[in-house]
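Colleague: I am new to this model. Please take one sheet and describe it closely, then go on to the parts around the chain that help me read it.

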Amino acid sequence: MRSLRTTFLTGPLSLGLGVSALVAAAPATAAVICEQYGSAPIQNGRYIVGNNRWGSSATQCIDTTATGFRVTQADGSNPTNGSPKSYPTVYYGCHYGVCSTSGNILTNGLQASDPAFAGISTSVSMSYPSSGTYNAAYDIWFHQSRPTSTTGQNNGAELMIWLNRQGSIQPIGSRVGTANLNGATWEVWSGNIGWNVISYVRTTPTTSLSFNVKTFWDDVVSRGLGSSAWWLTSIQAGFEPWIGGTGLAVNNFSVTTGGSTPPPTTPPPTTPPPTTPPPTGAGACTATYSTVNSWQGGSQGSVTVRSSGSSAISGWTVTWTYPNGQTISSLWNGRLTQSGSNETVRNESYNGSLAPNASTTFGFQVSGASPGTPTLRCTAT
């Protein structure tokens with residue numbers, strides 16, 4: 001078996017080693033995983049759940065669910081001035097030879113300069129126990145060149161995004177500043193352990209997060225810690241426990257790629273959502289709203305824009321009004337203008353041109369109670 005990190009650092013700079021080292025795939029059914037590096041696919045292989053107990057010999061077990069996992073046993077503890085016990089995770093892409101299989105565009109990596117990179121977004125919802133020392137974090141990996149294999153160590157950057165931390169722990173390296181991204185304020189930490197580790201620690205903890213990967217990567221590049229020439233290989237979400245960890249759970253996890261929304265993590269509506277009337281003339285479009293995920297005080301939505309006329313369109317604009325005062329806090333794959341509850345989204349430069357019957361999707365996070373399915377209007381240009 002192979003561990004992603006075999007070098008243990010000493011002292012405070014060794015904290016926050018967010019790693020996945022997954023080497024074995026289990027059957028594609030709900031599973032209880034106690035093997036050190038055991039893993040199992042979920043959602044027909046679109047994502048991989050891994051136990052990844054890389055920093056401890058104590059028992060750790062996780063139960064997979066249809067949309068994530070839950071830590072059911074987390075024995076032992078590690079000193080908080082050293083490495084965590086593990087990184088139980090759910091991920092999309094490839095890591096140490098284990099790849100998600102359904103719709104995985106990261107099998108050979110995706111260069112950050114590729115227009116498709118701007119369409120990579122992700123969402124997670126988590127639950128935390130009342131005790132323990134841990135962080136809850138994304139771990140997003142980049143290679144400096146196009147990967148020639150799915151089994152090696154990434155040599156570019158490890159982008160960590162901390163939703164929450166409990167106890168006296170800190171990321172690798174030292175704090176280098178702050179950033180206002182994705183509607184929140186983040187501490188920015190930087191270190192190098194053979195590859196750059198850039199950690200964004202949310203100053204206000206949260207149990208859920210939706211964002212476009214490019215939002216954070218652009219900030220990494222602006223600090224000289226990464227490059228648009230580097231290649232994205234995996235997007236992971238999970239936990240690094242030092243003490244305890246039983247009860248940590250990823251309730252829902254999704255990755256959206258290239259305008260194609262992954263299977264919803266909430267039950268689909270029993271009646272079709274309202275759509276714009278399907279015009280038949282040249283240069284027409286329709287727009288369909290759907291709720292991908294929801295939680296107390298917010299939700300994640302997506303809109304599919306389709307060219308419904310007899311000729312291609314070169315651009316589109318979608319408008320709607322939320323009935324109960326909800327607002328959009330972040331949006332990807334489109335350009336947003338808000339006026340009160342009135343929303344206007346226009347295409348980006350890379351997804352405005354659509355052939356007849358072709359479609360694209362933009363996604364967003366909504367603040368406020370779930371708005372249901374508002375009526376949309378789509379205008380083609």
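**The open sheet and other parts**

Modeller: Six strands form an open sheet in the order β2-β5-β6-β18-β10-β16, and their pairing is antiparallel. At its edges stand β2 (32-33) and β16 (208-212); each has a single partner strand, so one side of each is left without a neighbour in the sheet. The model is predicted: local features need pLDDT of at least 70, side-chain atom pairs count only at pLDDT 80 or more, and totals for chains, interfaces and linings use all residues. Residues are numbered from 1 along each chain as its sequence is written, and side-chain values use heavy atoms, with hydrogens and water left out.

Strands here are DSSP runs of E with at least two residues, helices are runs of H or I with at least four, and both are numbered from the N terminus. Two strands pair if DSSP finds at least two bridges between them. Strands of a sheet pair through backbone hydrogen bonds, either parallel or antiparallel.

At the β16 edge, strand β10 (residues 121-127) runs antiparallel to β16, joined by five bridges. Ser125 has Ser208 in β16 as its bridge partner. Across β10 and β16 lies helix α1 (residues 213-222), at about 70 degrees to β16. Axes are lines fitted to C-alpha atoms, for helices over the stretch in contact, with angles from 0 to 180 degrees between N-to-C directions; contact means heavy atoms within 4.5 Å.

β6 (69-74), another strand of the sheet order, leads to a loop that ends at β7 (89-95) and holds Pro88. Pro88 is buried, with a relative accessible area of 1% (buried is under 20%, exposed over 50%, partly exposed in between, with a 1.4 Å probe and protein chains only). Leaving out residues up to four places away in sequence, Pro88 touches ten-odd positions spread along the chain, among them Phe69, Val71, Gly50, Ala237 and Pro241. Arg53 is 35 residues from Pro88 along the chain, yet their C-alpha atoms are separated by 7.1 Å.

Ser100, in the loop between β8 (98-99) and β9 (110-111), is also buried, with a relative accessible area of 2%. Beyond residues up to four places away in sequence, Ser100 touches Gly45, Arg46, Tyr47, Ile48, Tyr92 and Gly93.

A further strand pair involves β20 (residues 298-307). Eight of its 10 residues are buried, so β20 is largely enclosed by the rest of the structure. β20 pairs with strand β25 (residues 359-367) in the antiparallel sense over nine bridges, and Gln300 has Gln365 in β25 as its bridge partner.
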